[in-house]
Amino acid sequence: MNKIIKLAVLLFCFSGCVRDNDAIYYPVGNVDVERGGPALEAGKGDLIARSYNTEDYVLDTLAQYPGDPTLGKLTFMVSLRNRLTDQEVSGFNGVGQSKLTMSLGYKDGNYPAESQVPVYTSPDVTASYAIKLRLKGELTLTGDEWMIDYIYAQLAGLFQPYPPTSFPEVFMCKGGEQSYATFDSFRRTWTFDITYDRSNLSFSQLYFNLFVNLAGQKREDRVRLRIDKESYFEIYKEKESPLMG
C-alpha cells in the first residue's frame, strides 16, 4: 500500500510539472565564466559611466506564481542598478532602483520587452571597452514552502536568460553554490560577493542581470534582495594604442 501511495504522489507531481511547463527537470549546475582580456591597466582607458551606492538598499518584493500549481517553478530576473552616478551618460541605464520581472520558463526567456533594456548601449560599436564591477549582497526567502533552485548573475552582450557556457556574447556568468554564493539554510539566505575586471570587450549593447529560479508548493513568497553599498559598476573606453613607427 505504501508503495502505491508513493507512486501516486510521484505521478501527481510529475503531471503538475508537465502541465505548467516549468522545466523542473532541466537543472542548472554551477557556472563560472569570465571572458575578456586582462584587467585594465592604469591610464589605458577613459571612465565613461559609473554607478555606485553610498548606503545599502533593499528590494523587498512578492514573487507570485499565476495559478495554483501542484509543484511550481518560477523564474525571475532582477535588472541590477546602483543608486547614484557621477554624471549623466547617454545610453547608460545602470542607475536607479533594481527592478524584478517574472517569467514562467527560464529557457524561453518570456520576459516583457520593457524588462529587456540593456544597462548600456554603445554609440561606437568599433570601440574596445573595459568593465569593472562588484555585486555584493544577499538574497533571502521569508517563507518556508519555497526553495531557491538556482541563482546566477550574468553580464552579456545579448539578453541571455539561460546560463550558456559557450556563447561568446556572455562575458561573465556566475551561479551555483560553489562559484556564486554561500547558502545559510537556517536563515534561508544566499550571500554573494562578485567582482569582474576585464578589458578588450566589444559590444553594441550590454546587459547585467540577476536570475533566480524558485520551486515550491505555494502561490507566492516574499523575496528580499539586499545590495551592499560596496557594489558598483564602471565602463571604460579603452585608448587606442599609438601606431608603431
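In which strand does Asn200 lie? Asn200 belongs to strand 12, and the last view below returns to this residue. The model shown in every view is predicted.

**Figure 1. Overview of the predicted protein, with two helices and 15 strands.** The protein has 245 residues, of which 48% are buried. Of the contacts between residues at least 6 apart in sequence, 82% join residues at least 24 apart. The exposed surface comes to about 12700 Å², and carbon and sulfur atoms supply 52% of it.

**Figure 2. The largest nonpolar core, of 43 residues.** The members that touch the most other members are Ile131, Leu155, Leu206, Phe233 and Ile235. Strand 8 (residues 129-141) gives this core its largest share, six residues. Apart from this core lies another one, of twelve residues, including Val33, Tyr111, Val170 and Cys173. In soluble globular proteins, nonpolar side chains tend to be buried together.

**Figure 3. Surroundings of Ile131 in strand 8.** Ile131 has a relative accessible area of 0% and is therefore buried, the limit being under 20%. Neighbours within four places in sequence are left aside in the following list. Ile131 is in contact with Leu155, Tyr196, Asp197, Arg198, Leu201, Phe203, Leu206, Phe233, Glu234 and Ile235. The C-alpha atom of Ile131 is 6.3 Å from that of Tyr236, although the two residues are 105 residues apart along the chain.

**Figure 4. Surroundings of Leu155 and the pairing of strand 9 (residues 146-156).** Not counting residues up to four places away in sequence, Leu155 touches Ile131, Leu133, Glu169, Val170, Phe171, Met172, Tyr196, Leu206, Tyr207, Phe208 and Phe233. Strand 9 is mostly covered, with nine of its eleven residues buried. Ten bridges pair strand 9 with strand 13 in the antiparallel sense, and five bridges join strand 9 to strand 10 (residues 170-175), also antiparallel. Ala156 stands opposite Tyr207 in strand 13 and opposite Val170 in strand 10.

**Figure 5. Two aromatic pairs that share Phe203.** The structure holds eleven aromatic pairs. In one of them, the ring centres of Tyr120 and Phe203 are 6.4 Å apart and the planes stand at 80°, so the pair is edge-to-face. This pair links distant parts of the chain: Tyr120 is in strand 7 (residues 120-121), and Phe203 is in the loop between strand 12 (189-201) and strand 13 (205-216), 83 residues apart. Tyr120 is buried, with a relative accessible area of 3%, and Phe203 is buried at 5% relative accessibility. Phe203 also pairs with Tyr129, with 4.8 Å centre to centre and 25° between the planes, and this pair is stacked. Tyr129 in strand 8 and Phe203 in the loop between strand 12 and strand 13 are 74 residues apart, and this pair too links distant parts of the chain. Tyr129 is buried, with a relative accessible area of 1%.

**Figure 6. An aromatic cluster and a charge over a ring.** The cluster consists of Tyr111, Tyr152, Phe159, Tyr207 and Phe211, linked by ring pairs. In a separate panel, the charged end of Arg83 sits over the ring of Tyr57, 4.3 Å from the ring centre.

**Figure 7. Strand 12 and its partners, strand 8 and strand 11.** Strand 8 and strand 12 run antiparallel and are joined by eleven bridges. Within this pairing, Arg134 stands opposite Thr195 in strand 12. Four bridges pair strand 11 (residues 181-184) with strand 12, in the antiparallel sense. Trp190 in strand 12 is the bridge partner of Phe183. Strand 11 and strand 12 form a hairpin with four residues between them, and Arg188 in the turn has a positive phi of about 55°.

**Figure 8. Backbone of Asn200 in strand 12.** Phi of Asn200 is near 60°, a positive value in a residue other than glycine. Most residues other than glycine have a negative phi. Asn200 has a relative accessible area of 53% and is therefore exposed, the limit being over 50%.

Definitions and conventions:
Residues are numbered from 1 along each chain as its sequence is written. This is a predicted model: local features need pLDDT of at least 70, side-chain atom pairs count only at pLDDT 80 or more; totals for chains, interfaces and linings use all residues. Side-chain values use heavy atoms; hydrogens and water are left out. A nonpolar core is a set of buried Ala, Val, Leu, Ile, Met, Phe, Trp, Tyr and Cys residues joined through side-chain atoms within 4.5 Å. Buried means under 20% relative accessible area, exposed over 50%, partly exposed in between (1.4 Å probe, protein chains only). Contact means heavy atoms within 4.5 Å. Rings of Phe, Tyr and Trp (its six-membered ring) pair if their centres lie within 6.5 Å; planes under 30 degrees apart count as stacked, over 60 as edge-to-face and the rest as tilted. A charge sits over a ring if NZ of Lys or CZ of Arg is within 6 Å of the ring centre and within 35 degrees of the ring normal. Two strands pair if DSSP finds at least two bridges between them. Accessible areas come from the Shrake-Rupley method with a 1.4 Å probe; for residues, only the protein chains shown count as cover.
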